[in-house]
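Let's take a walk through this structure together. We'll start with a pocket and then look at some aromatic rings.

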Amino acid sequence: MTVAAGIGYALLALGPSLALFVTVISKKPFLILTVLSSTLLWLVSLIVLSGFWRPFLPLNSAASWPFAVLIITSVAFQEGLRLLFWKVYKRLEDMLDAFADRVSKPRLYPTDKMLIALAGGLGHGAAHAVFFCLSVLTPAFGPATFFADQCPKLPFFLVSSIIALAFATIHTFSMVIAFNGYSDGNKLDQLFVPVVHLVTGMVTLINFTTGGCSIGIPILYIIAILTLLHCGKMVWGKLTENQIRL
């Protein structure tokens, strides 16, 4: 049963992302490249941040504020990279539109742009799940499990998978919201994504307290649902607006 449990934990963390990749992303090579580039960018951000924080680690402190500072700087840096990622994508979009004009082909449709943003978010979310969940799942395939003192009622690997799924969902659909905000100059969407990113990061600090997972995990999923609802509302509005124009 340990092998089954390990596979189950992995599928819990990455199953929805894998399903989204197979059903939507894998049909278009350009979207696959977008996923890979987004994943690479996120991993590069971790390398840079780890180099910056290495002199200060491990944080041997009972206080939570050093971890809060680490989260704030990490979120700020990654949100800056998100904006850079969008600017690179925007230049590529302009090149594709110019090429389409030269060969008398239609430009990118709004749905194409949203799929590109979705692919970028999927790469970001999947990389987060792999790094923070799958990288620690190897012992889950062994003859026993592990319980953390702060969350003694649930296996550590199950908690990691549940948290990874929440973050993968938030990161995936936050990218769609962010790209729309940057493209339309929508301040609400531009502000929504970094605020959600920062809040979710801070919520993980609750897990340091005894029984914190029973509070932190529901909050994470409330944030994930709010992100999904906001993204769905935004996408519906864009599609409706496009149909009116047609």
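Before we go in, a word on naming: helices here are DSSP runs of at least four residues, numbered from the N terminus. Keep in mind, too, that this is a predicted model.

So, where to look? The largest pocket holds about 1,200 Å³ of space. Its lining is made up of 36 residues, and those nearest the centre are Ile71, His128, Phe132, Thr204 and Phe208. Which helices help build the lining? At least two residues each come from H2 (29–53), H3 (65–102), H4 (110–132), H5 (156–184) and H6 (187–203). H5 gives the largest share, with seven residues. As for chemistry, the lining has 25 nonpolar residues and 11 polar ones, with no charged residues.

Now for the rings. Across the whole structure, a search turns up 10 aromatic pairs. Take Phe131 and Phe132: their ring centres sit 5.1 Å apart with the planes at 75°, and over 60 degrees counts as edge-to-face, so that is what this pair is. Phe132 may ring a bell, as one of the residues nearest the pocket's centre. Phe132 is partly exposed at 43% relative accessible area, and Phe131 is partly exposed as well, at 41%.

Another pair is Phe156 and Phe157, with ring centres 5.7 Å apart and planes at 70°, so this one is edge-to-face too. Are these two buried or partly exposed? Phe156 is partly exposed, at 30%, whereas Phe157 has just 4% relative accessibility and counts as buried, because the cut-off for that is under 20%. Tyr9 joins Phe156 and Phe157 in one aromatic cluster.

Note on methods. Residues are numbered from 1 along each chain as its sequence is written. This is a predicted model: local features need pLDDT of at least 70, side-chain atom pairs count only at pLDDT 80 or more; totals for chains, interfaces and linings use all residues. Side-chain values use heavy atoms; hydrogens and water are left out. On a 1 Å grid over the protein atoms alone, a cavity is a set of points where a 1.4 Å probe fits but cannot get out, and a pocket is an open set with protein on both sides within 12 Å along at least five of seven lines; lining residues have an atom within 4 Å of a point. Grid points are joined across faces, edges and corners, and a volume is the space filled by probe spheres set on the points. Ala, Val, Leu, Ile, Met, Phe, Trp, Tyr, Cys and Pro count as nonpolar, Asp, Glu, Lys and Arg as charged, and the others, Gly among them, as polar. Rings of Phe, Tyr and Trp (its six-membered ring) pair if their centres lie within 6.5 Å; planes under 30 degrees apart count as stacked, over 60 as edge-to-face and the rest as tilted. Buried means under 20% relative accessible area, exposed over 50%, partly exposed in between (1.4 Å probe, protein chains only).
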